[in-house]
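Here's a quick briefing to read with the model open beside you. It goes from the strands and barrels to the chain contact, then to the charged pairs.

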Amino acid sequence: MKKIKILIFLLLLALLETTGLDSIRIFNVRPDLILIAVIVLGFSYNLSATLMFSFFAGFIKDILSTGPFGLNTFIFVLIGYTLSKLSKRFIIEGLILRIAIISIAVILENLVAGSILSFYASPIALGILLRLSFLSAIYTAFFSYPIFKLLNYI
Amino acid sequence: MVRFKNKKLITFLLIAFLFCLFIPLLRKPSVDILEFPLKIFNSITQELKAIIFYHRNYIENKKLNKEIGFLKQEIIRLREIYLENERLKKLVSLKKNSVQHLVAARVIGRDPSYWTSVVILDKGKKDNIKPKLAIITPAGLAGKIIEVGNSTSKAMLLNDPNFATSAIVQRSRQEGLVSGTLENRLIMRYLPRESDIKSQDIIVTSGLTETFPKGIVIGVVSEIRKEFSGLSLYCLIKPAVDFEKLEEVLIIIK
């Protein structure tokens, strides 16, 4: 039952990202709420549950976007897998450490996705790629605390 | 135990890979299924924005009302010129331009990734929407349709880096290629060094790209620069359409 609630929560986050976050864009950047949720779930659940949530989150993002299908699914599953393994080896407690991990994950996700899309479609200028990656990391980290709280509540 | 766990992981990845191979077929119907929740979310956010940005909207409303007065005068003047043009065309028996059929569509969502500029519209196949149709606003060209579902469609905006269209400078008729930069500005390339182009020139579609009718406003030149090689120029264009505030568009049905 809890897993179903989390899946619905991920779907709602995806819909919110697609509709509501435009008005809070800064330099064309919006916070990536689904990625925050996937990372938080990676800290809290076992490997199979994390993979399921990551797959679902990436899949929803792929449906709503127009890039190569499976790109977000692949990246999210990779992030979920890595975090699940990391959380077994290291104790990742503390809000600041988790926010730092979220920032790093966002930068890597954007660099990988942006680079793949550059090869798949028109090239994206390196300056724009780096700027958007770092800005989105800061902005997404800013929104991570409310998502932590919401997921704990669920 | 480790081998068994790895087997499980490999099996999962294999199933996920096979799943992803066949799932692209389900993308369009999946967006159609999400149309209703997207509309609900969009309506709620529009209402919240109206409340939060009340003062800003009030000031903008006052400013726009003033502009409407001036524009109404301009419309009357241009209508006179149009009627005169029609009379003169009849005199020289020129063929009339065909009337464009327009379908209004609402923007119900946006692509969540940063690397594309794509919006989801609430019209699809059942409204005669097909891929590659142009979308415009009263301000100018906005983009083109790229994917069509039964009741929804996706449109690529002008500022998407994958977007490109042939355009001309309205004043000098100099041709170039306009494409997006992900930011709220466009770039027009392949301008010869001796091009007759200057700041504040209006850029319109040339009609050479099959998708876009001739003469639709794209934007205004803001800056002109030399390419790295020094052999040609490129210019930055401030688009006529504000892509961040796009709420409704018109789709040109041929």
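Two strands count as paired here if DSSP finds at least two bridges between them. By that rule β1(B) and β2(B) pair up, since three bridges join them and they run antiparallel. Keep in mind that this is a predicted model. Chain B has a closed six-stranded barrel running β6-β7-β8-β11-β10-β9, and six strands also close into a barrel in the order β1-β2-β5-β4-β3-β12.

**The barrel with β1 and β12 (chain B)**

- Going round this one, the order is β1-β2-β5-β4-β3-β12 of chain B, with antiparallel pairing.
- From one strand to the next, the twist averages 45°.
- Between β1(B) and β2(B), look for G109(B), which sits opposite I120(B) in β2(B).
- R110(B) likewise has a partner in β2(B), namely V119(B).
- Helix α3(B) packs on the sheet, where it touches β1 and β2 of chain B.
- The direction of α3(B) makes about 80° with that of β1(B).
- β1(B) also pairs with β12(B), residues 248-253, in the antiparallel sense over six bridges.
- Want a residue to click on there? A105(B) has V249(B) in β12(B) as its bridge partner.

**The barrel with β6 and β9 (chain B)**

- Here the six strands of the closed barrel follow the order β6-β7-β8-β11-β10-β9 in chain B, again with antiparallel pairing.
- The twist averages 40° from one strand to the next.
- Strands β7 (residues 175-180) and β8 (residues 186-192) of chain B pair antiparallel over four bridges.
- Within that pair, L177(B) stands opposite R189(B) in β8(B).
- β6(B), residues 164-169, runs antiparallel to β9(B), residues 202-205, and three bridges join them.
- I168(B) faces V204(B) of β9(B) across that pairing.
- β9(B) is also joined by three bridges to β10(B), residues 217-226, and these two run antiparallel.
- For that pairing, find I202(B), which stands opposite V220(B) in β10(B).

**Where chain B meets chain A**

- On the chain B side, 39 residues are in contact with 45 residues of chain A.
- The area buried between the two chains is about 3800 Å², and carbon and sulfur atoms give 68% of it.
- Elements of chain B that each supply at least two residues to the side touching chain A are α1 (2-22), α2 (27-33), α3 (35-52), β1 (101-110), β2 (118-121) and β4 (140-148).
- By class, that side of chain B has 23 nonpolar, eight polar and eight charged residues.
- How many residue pairs are in polar contact between chain B and chain A? The count is five, with both residues at pLDDT 80 or more.
- As for salt bridges, the rule finds zero across the interface of chain B and chain A.

**Salt bridges**

- Over all chains, the count comes to seven salt bridges.
- One to look up is E35(B) with K39(B), whose closest N and O atoms are 2.9 Å apart.
- That distance falls inside the cut-off used, a Lys or Arg side-chain nitrogen within 4 Å of an Asp or Glu carboxyl oxygen.
- E35(B) and K39(B) are separated by about one helical turn, because they are four residues apart in helix α3 of chain B.

How values were computed:
Residues numbered from 1 in each chain as written. Chains lettered and ligands numbered in written order. Predicted model: local features only at pLDDT ≥ 70, side-chain atom pairs only at ≥ 80, totals over all residues. Heavy atoms only, no water. Contact = heavy atoms within 4.5 Å. Buried area = accessible area lost by both parts, 1.4 Å probe. Polar contact = N/O pair within 3.5 Å; in protein donor to acceptor, adjacent residues only side chain to side chain. Nonpolar A, V, L, I, M, F, W, Y, C, P; charged D, E, K, R; others polar. Axes fitted to C-alpha atoms, helices over the stretch in contact; angles between N-to-C directions.
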